Amino acid sequence: MLDGTSSCQVAVIGAGPAGSAAALTLGRAGVHVLLMDRARFPRDKTCGDGITGPGLHQLELLGLGGVAEQAGGVSHRAIRFTIGDEVAEVPYADGARGMVRVVRRRELDDRLAQAAAGLPTVHFVTGVEVTGFDLDGPGPRLHVRSDEGTTEELTVPALIDASGALSRIAREVGMFHRRDPLPLAVQSYWTGVPGLRDALEFHFGPALPGGYLWIFPSGGGTANVGCGSFWAQTPKALVGEVERFLAEHEFGAQLRRGRRTRAWRGGFIPVLHDLRSRGRPGVLFAGDAGRFCDPLFGEGIRYALESGVLAAEELLRHDLRITPETIACYDERWQESFGDSMSSLFRLLLSRADTGSGFDQSRYLEAVRAGVREFARTMVGVSP
Ligand SMILES: Cc1cc2nc3c(=O)[nH]c(=O)nc-3n(C[C@H](O)[C@H](O)[C@H](O)COP(=O)(O)OP(=O)(O)OC[C@H]3O[C@@H](n4cnc5c(N)ncnc54)[C@H](O)[C@@H]3O)c2cc1C
């Protein structure tokens, strides 16, 4: 199953945006990388499919500026937030960050993984799941099972865990706690929707406590529609809430004239809420495995790309060894780049709204307004 991997210098678990960005960065520097994913590619990923300007900029920095267009989808020049009765449209400035794009993850992630796999230094293996690990030896020891039923063990010199929101290693080394916030989201696709705007749309309001609904037009009357929530208990309960909202609320009127083309799918949005270390001797955590999603509206692709690159760069700077110093440098870089601002945003959003004796929606919306103002100022340089 893993023939030809004995020369591997770094193993990467997961070929989503974080893992592919890490493998590309290392592979281009001449490092032998084993990139593993349990899925066969192309694979689906439950997602809103929205990439903001800074996310597209990350792709450009990786030399993959054209990939989002090649993967299809459409571009928009604004994000529109409806917060209670107010509407704030955040137009993107011109230039490198001048648009947002809605593109199917199946297409985008496949192109990113293939860009990495195209390097002679990157060995990309699909249909291979990491089912266990041991971090106590000289290098991480991984238990691996193929989708054909064979199993294998391998010891790797260094590991980047980019295996997504449910990373087993992150949980088992105690990086996150069971009570840490992990919002749920549900998502589906719609067609035949008239009058869709040329913008990503978010709705925050009293009918969706602690959450938001999105409509991301994807061209020709189609849209990616979904809802994220800090408070939903189960995907089924969240779907019930969303369907009630769409049936009754004016915001859903345009969707009611279209048709849902796929069952709702659920997933977790691992929002960044703390500045704990994202490393253990032998392993760095990138993307959703590091819980690097924005707490305001769940953006994660951009931070997956960026953290994958940062993890790879710190490995390169430290002779491919993940020592406490490598981890400290990685922590410093993600915290400085996006961690500090995101964790303050999280505190703004939730510490104000969660009063201890319950959830205060009006304080949540007040914090969302402040968050949107901050988003507009720092991300696109405008004040709505
Ligand atoms: C409903 C929903 C909507 C979202 N909408 C948006 C949005 O519009 N815009 C945005 O920017 N972000 C959005 N996000 C967040 C975004 O999807 C993630 O932040 C992003 O996919 C993280 O990339 P990643 O590479 O870290 O992980 P992933 O994309 O999850 O990739 C992880 C990979 O690891 C593989 N894997 C997992 N476990 C193992 C294992 N044990 N062994 C081997 N392989 C393994 C998986 O097969 C997968 O390919 C949304 C999330 C959800 C749930």
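This report describes the domains, the helix packing and some individual residues of a predicted model of a protein chain.

## Domain arrangement

In this predicted model, the domain assignment divides the protein chain into domain 1, made of residues 10–47 + 105–178 + 272–343, and domain 2, made of residues 50–103 + 183–268 + 356–384. The C-alpha centres of domain 1 and domain 2 are 26 Å apart, and the two domains touch through 20 residues of domain 1 that are in contact with 26 residues of domain 2.

On the domain 1 side of this boundary, the elements that supply two or more residues are helix 1 (17–28), helix 4 (105–117) and helix 8 (301–317). Sorted by class, the residues on that side of domain 1 comprise 12 nonpolar, three polar and five charged.

## Helix 1 against helix 4

The axes of helix 1 and helix 4 approach to within 8 Å and cross at roughly 20°, and the two helices are therefore roughly parallel to each other. The crossing in which helix 1 passes helix 4 is left-handed.

From helix 1, the residues Pro17, Ser20, Ala23, Leu24 and Gly27 take part, and they meet Asp109, Leu112, Ala113, Ala115 and Ala116 of helix 4. The residues of this contact between helix 1 and helix 4 fall into seven nonpolar, two polar and one charged.

## Helix 1 against helix 8

Helix 1 also packs with helix 8, at an angle of about 35° and with the axes 7 Å apart, and the crossing of helix 1 and helix 8 is right-handed. On the helix 1 side the contact is made by Pro17, Ala18, Gly19, Ala21, Ala22, Thr25 and Leu26, while helix 8 contributes Ile301, Ala304, Leu305, Ser307, Gly308, Val309, Ala311, Ala312, Glu313, Leu315 and Leu316. By class, the contact of helix 1 with helix 8 contains 13 nonpolar, four polar and one charged residues.

Pro17 of helix 1 appears in the contact with helix 4 and again in the contact with helix 8.

## Helix 2 against helix 8

Helix 2, which covers residues 53–61, packs with helix 8 at an angle of about 30°, the axes being 8 Å apart, and that angle makes helix 2 roughly parallel to helix 8. The crossing in which helix 2 passes helix 8 is left-handed.

In this packing, Pro54, Gly55, Gln58 and Leu59 of helix 2 meet Ile301, Arg302, Leu305 and Glu306 of helix 8, and the residues of the contact divide into four nonpolar, two polar and two charged. Ile301 and Leu305 of helix 8, which take part here, are also among the helix 8 residues in the contact with helix 1.

## Ala71 and Ala29 in loops

Ala71 is placed in the loop between helix 3 (67–70) and strand 4 (74–76), and Ala71 is buried, because 20 other C-beta atoms lie within 10 Å. Although Ala71 and Glu107 are 36 residues apart in sequence, their C-alpha atoms are 5.2 Å apart in space. With neighbours within four places in sequence left aside, Ala71 is in contact with Val103, Arg104, Glu107, Leu108 and Arg111.

Ala29 sits in the loop between helix 1 and strand 2 (33–37), where Ala29 counts as partly exposed because there are 14 C-beta neighbours inside 10 Å. The C-alpha atom of Ala29 is separated by 9.0 Å from that of Thr121, a residue 92 places away along the chain.

## Backbone features in loops

The peptide bond from Phe41 to Pro42 is cis, with an omega near -5°, and Pro42 belongs to the loop between strand 2 and strand 3 (50–51).

Two residues with positive phi are found in the loop between helix 8 and helix 9 (324–353), and Asp319 is one of them, with phi near 50° in a residue other than glycine. Asp319 is exposed, since 9 other C-beta atoms lie within 10 Å. Leu320, which is likewise in the loop between helix 8 and helix 9, has a positive phi of about 65° although it is not a glycine, and Leu320 is partly exposed, with 17 other C-beta atoms within 10 Å.

Methods: Residues numbered from 1 in each chain as written. Predicted model: local features only at pLDDT ≥ 70, side-chain atom pairs only at ≥ 80, totals over all residues. Domains from an automatic or database assignment. Contact = placed C-beta atoms within 7 Å. Helix = DSSP H or I, 4+ residues; strand = E, 2+ residues; numbered from the N terminus. Nonpolar A, V, L, I, M, F, W, Y, C, P; charged D, E, K, R; others polar. Axes fitted to C-alpha atoms, helices over the stretch in contact; angles between N-to-C directions. Parallel < 35°, antiparallel > 145°, perpendicular 65-115°, else oblique. Left-handed = near helix turned anticlockwise from the far one by under 90°. Buried ≥ 20, exposed ≤ 12 C-beta atoms within 10 Å, placed from the backbone.
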